[in-house]
Amino acid sequence: MTSARRQLIDANTTPFYHVINRCVRRAFLCGEDKLTGRSYEHRRCWIVDKIKALSSIFCIDICAYAVMNNHYHLVLKIDVDKAKSLTKKDIISRWCQITKGHAVAAKYMNGEALINGEVMLLDGLLAEWHERLSSISWFMRCLNEEIARKANREDECKGAFWEGRFKSQALLDEQALLACMMYVDLNPIRAGIANSLQSSDFTSIQERINSLNLSTSALTIPNQQAKPSGNHQTMHKSLAKFEGATHLNVQTGIPFHFADYLELIDWTGRTIRHDKKGYLDNRRPKLLNELGITSDAWLTSAKEFRRQYSGISGRWDAMCDFKKQHQSGKWCKGKAYSEAIHPIAKL
């Protein structure tokens, strides 16, 4: 039995969540149908364009993404501080980019006087829209509905495009966030469809590396304007920033340095490549040493993160507390894995 989203998503406990959605009826989200020879690669741009557009409207940042042939992964962060700072006009302006809004809201935006009943109605609408603008459920609803409509029109068919509602995992601490982002970014390499980070198309790590290379080129060549070099051209909003070592619940970005993350993902990607079986570099990345995670435990997590846990990932005691606090129907899963990448849990 599935659990209500309010039991699985709580920004006050953690702002970071891993979400997944998969196609139904063996439909192609992307990729190429070998039976018909028809290509669906252009649909990858649909996903990336839409998540960037929605991120600029919602108070939700994108930490990582990977668009695969029949499913996609996102690591999202609810920007609680941004949501608190929105004014009434901000809320109306943002929400009207998603829906038609309401006549009373339009009247308020035009500076027209409102009667008492309209003021009460507007207050109710603002409270509802404000909550939705920091809701992962509404973010995913807006994303999936548009993609499904466009795909069905293109396929000239009707019916469900997604196999069900999206799956989500709460990421309760730094280790869980790091392992999940690594798992998402390495999807193409793990699936054997890419052999390097640079060739991992439609992933956040490829976008970050391309952006880094463009920034470097712009600095070394005077008056040169940087142009997107990846497959994706339209950029609505930048990915969430790496901000260094700060606490998970008090920072505004990702609590690691990008240089350390890049070192770790490069090491991990080389290790799990199919053509490098058994390869293990003796030089351990800095982040593994800082977090006290063994190489074997980390590599297992990078390859099997999705299967290790259910709807919650983090220290075992924190997962149990989350389940108890939210009365979640999901049982805690992954104690052995949790203790392997969370050394403190053994104390």
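# Exercises on a predicted fold

Among contacts (heavy atoms within 4.5 Å) between residues at least 6 apart in sequence, 70% join residues at least 24 apart. The model is predicted, so local features need pLDDT of at least 70 and side-chain atom pairs count only at pLDDT 80 or more, while totals for chains, interfaces and linings use all residues. Residues are numbered from 1 along each chain as its sequence is written, and side-chain values use heavy atoms, with hydrogens and water left out.

## Exercise 1: the sheet

Task: determine the order of the strands in the open sheet, and state which strands stand at its edges.

Solution. Begin with the inventory, which comprises 15 helices and five strands, where helices (H or I, at least four residues) and strands (E, at least two) are DSSP runs numbered from the N terminus. Two strands pair if DSSP finds at least two bridges between them, and on this criterion β1 (residues 16–22) is joined to β3 (residues 71–78) by seven bridges, the two running antiparallel. On β4 (residues 167–171), four bridges establish a further antiparallel pairing with β1. Residue V19 illustrates both pairings, since L74 in β3 stands opposite V19, and S168 in β4 also stands opposite V19; H18, in turn, has Q169 of β4 as its bridge partner. The complete order is β2-β3-β1-β4-β5, with mixed pairing in an open sheet of five strands. The edges are β2 (60–67) and β5 (312–313), each of which has a single partner strand, so one side of each lacks a neighbour in the sheet.

## Exercise 2: cover over the sheet

Task: establish how many residues of β1 are buried, and which strands α8 lies across.

Solution. Buried means under 20% relative accessible area, exposed over 50%, and partly exposed in between (1.4 Å probe, protein chains only). Of the seven residues of β1, six are buried, and the strand is mostly covered; for the protein of 347 residues, 48% count as buried. Helix α8 lies across β1, β2, β3, β4 and β5, and runs at about 40° to β2, the axes being lines fitted to C-alpha atoms, for helices over the stretch in contact, with angles from 0 to 180 degrees between N-to-C directions.

## Exercise 3: aromatic pairs

Task: classify the ring pairs W95–W138 and Y183–F305 by geometry, and locate their members in the chain.

Solution. Rings of Phe, Tyr and Trp (its six-membered ring) pair if their centres lie within 6.5 Å, and planes under 30 degrees apart count as stacked, over 60 as edge-to-face and the rest as tilted. The whole structure contains eight aromatic pairs. With 5.4 Å centre to centre and 65° between the planes, W95 and W138 are edge-to-face. This pair links helix α4 (residues 88–95), which holds W95, to helix α7 (residues 136–155), which holds W138, across 43 residues, and both W95 and W138 are buried. Y183 and F305 form a tilted pair, at 6.0 Å centre to centre and 45° between the planes. Here Y183 belongs to α8 (residues 174–185) and F305 to α13 (residues 295–308), 122 residues apart. Y183 is buried at a relative accessible area of 9%, and F305 is buried at 0%.
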